[in-house]
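Me: I'm new to this one and would like to get to know it step by step. Could you take my questions one at a time?

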Amino acid sequence: MELFRNKIIAALVFLTVLIASCKMGEAVVVVGVAFEPIQEYNYEHEKGEWTVMVYMPADNEMEKEAVADINEMEAADIDFEANHVIVLVDGNNQKENYGGEWNGTRLYEINHDKNGVDDKIVSLRLGCRELNLSAKKECELDMSDPDVLKKFVSSTAKYYPADHYAFVMWGECSGYSGKTQNARAVAFDDTSVSYMDNRDFAVSLYGGLGKKFDLLAMDSCFGSELELLTEFKSCAEYFTGMEGIQKLEGWNYRSLLNVFTGEFGDGKTLGEALVSSQGEKNISLVDLSDMDALLNAFDLFAQKFSSSIKSNDAAVKIRNEILGSEFCFRTYESSLNPVYVDVKSLAEKYGGDDLASCVEKTCMCKDPDYGGIGVFFCNMDENQNLVESIPDDYVRNKDNCTFVEKSAHYVFTQDKSGTLLDKLFGNYF
């Protein structure tokens, strides 16, 4: 009799939850003995303080880290009604990483998990008409497609209006980008075997929101580079990201979201709190409104520096000096490893005081333990030998990124005009 009574009570509890959820346009799926909350048709919420959009293209070798970071988000102890966190995440069909069946793209509204960081996602799974994404069945989106990004941004802003918006680009980034096979870009998708060009990324962000984000954050390697920041100034007020190599597990999202226990009226104050929450070196906070002045100062520095190099022997000596310096950072794992240099350090060493001052103004983290702004220098092979061939996507007057197209005195040229890189890497003398 007691067993029968317990079964009745359990059934009534289930029906109560089911009816309540249906009234809000939601459904509940029973997964084993647990409930996974889903909402097939979203609705416009009341206006909040901040809406944070997290774009997680994990259809690659970083799938496991994506799930871990979502669990960190759920452990944050903040008001998820006043500050909505919406995540679009794409997996790589490695089902063991999810603790269940999952072989596509999912959209989540992050909810608090009272159990803290664990291996179970408890957030509300959403459907999205604009993305043709269902909460009831598995769907596969190509997250390297700029149109997917744009629709994610526009639909999130529609359903979660806020006074302020922040965007987090999660995952792999390899710096500058062009249109060749060696392009540096974001949102690498193994299923579609493609990526998103940095310029397309910036255009989609602005087009989706219809205005600049208060803060754009990149949880990846090589985000705070002149080449990327030149694109990002069109879609965000402030930027935060790594100048150099990012550790595989990325940022601590529990600490990151816990900053929302404070009040932030703009991207600057939020960015400062975000950087401080991580305690990592090489994380930068950049005022993107100062980028034009910085780019002009950099080009003038490159012109002056280049004109001072009078021979190939002098060029080789300076090149090797830079490659052996502490302000040079690179990757090591692949057949083509980009090398970047810190702009401020380069300027201070080679007589660019005006440029160094401009970097200080633009890059707002005054703590010397935090990062600055870098720029591409060259490529190394798997044995860390200099790659002699000039990268096609870093030659001016081609269909390359905005920085390369506009740089008059730094990047390589087809006519060997004597820019800084022309002289340093044998494209002039």
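Me: Is Arg 199 buried, partly exposed or exposed?
Reply: This is a predicted model, and the relative accessibility of Arg 199 in it comes to 24%. Buried would require under 20% and exposed over 50%. Because 24% falls in between, Arg 199 counts as partly exposed.

Me: Which residue does Arg 199 meet in a salt bridge?
Reply: Arg 199 sits in helix α4 (residues 198–209), and its partner is found in helix α5 (residues 226–232), 32 residues apart. That partner is buried, since its relative accessible area is 6%. The two side chains come to 3.9 Å, N to O, and the residue you are looking for is Glu 231.

Me: Which residues are joined with Glu 138 into one network?
Reply: Let's begin with one pair: Glu 138 forms a salt bridge with Arg 125, with 3.7 Å between the closest N and O atoms. Glu 138 is in the loop between β6 (124–126) and α3 (146–159), while Arg 125 is in strand β6. Salt bridges that share partners extend this into a network, which joins Glu 138 with Arg 106 and Arg 125.

Me: Which residue of the pair Glu 138 and Arg 125 is buried?
Reply: Glu 138 has a relative accessible area of 33%, so it is partly exposed. For its partner the value is 4%, which is under the 20% cut-off for buried. The buried residue is therefore Arg 125.

Me: How many residues apart in sequence are Lys 158 and Glu 130?
Reply: The side chains of these two meet in a salt bridge at 3.4 Å, N to O. Lys 158 is partly exposed at 45% relative accessibility, and Glu 130 is partly exposed too, at 25%. Lys 158 belongs to helix α3 and Glu 130 to the loop between β6 and α3, so the salt bridge ties together parts whose separation in sequence is 28 residues.

Me: How many salt bridges does the structure hold?
Reply: We have met several already, including the one between Glu 231 and Arg 199 and the one between Lys 158 and Glu 130. In general, side chains of opposite charge can pair when their charged atoms come close. For the structure, the number of salt bridges is 9.

Me: Which helix gives the most to the largest nonpolar core?
Reply: The largest nonpolar core has 90 residues, and those with the most contacts inside it are Phe 167, Phe 232, Phe 403 and Tyr 410. Tyr 410 touches, among others, Phe 298, Ala 302 and Phe 403. With 8 residues, the helix that gives the most to this core is α8 (residues 291–307).

Me: How many residues are in the second, separate core?
Reply: This core stands apart from the one with Tyr 410. Among its members are Ala 66, Val 67, Ile 70 and Val 275. Its number of residues is 39.

Me: What is the strand order in the open sheet of 3 strands?
Reply: The edge strands, each pairing on one side only, are β13 (328–330) and β15 (374–380). β13 pairs with β14 (residues 337–342) in the antiparallel sense over 3 bridges, and one bridge joins Phe 329 to Tyr 340. That leaves β14 in the middle, and the order is β13-β14-β15.

Me: Which helix packs on the sheet?
Reply: The sheet has an average twist of 30° from one strand to the next. The helix in question spans residues 312–323 and touches β13, β14 and β15. Its direction makes about 105° with that of β15, and its name is α9.

Me: How far apart in space are Gly 267 and His 164, C-alpha to C-alpha?
Reply: Gly 267 lies in helix α7 (residues 267–278) and counts as buried, because its relative accessibility is 2%. Its contacts beyond four places in sequence are Trp 50, Asp 214, Leu 215 and Tyr 238. Gly 267 and His 164 are 103 residues apart in sequence, but in space the distance is 8.2 Å.

Me: How many disulfides does a search of the whole structure find?
Reply: A disulfide is a covalent bond between the sulfur atoms of two cysteines. Cys 128 is buried at 3% relative accessibility, and Cys 401 is buried with a relative accessible area of 3%. The number of disulfides found in the whole structure is 0.

Notes
Residues numbered from 1 in each chain as written. Predicted model: local features only at pLDDT ≥ 70, side-chain atom pairs only at ≥ 80, totals over all residues. Heavy atoms only, no water. Core = buried A, V, L, I, M, F, W, Y, C linked by side-chain atoms within 4.5 Å. Buried < 20%, exposed > 50% of the residue type's maximum accessible area, 1.4 Å probe, protein only. Helix = DSSP H or I, 4+ residues; strand = E, 2+ residues; numbered from the N terminus. Contact = heavy atoms within 4.5 Å. Disulfide = S-S within 2.5 Å. Pairing = 2+ DSSP bridges. Axes fitted to C-alpha atoms, helices over the stretch in contact; angles between N-to-C directions. Salt bridge = Lys/Arg side-chain N within 4 Å of Asp/Glu carboxyl O.
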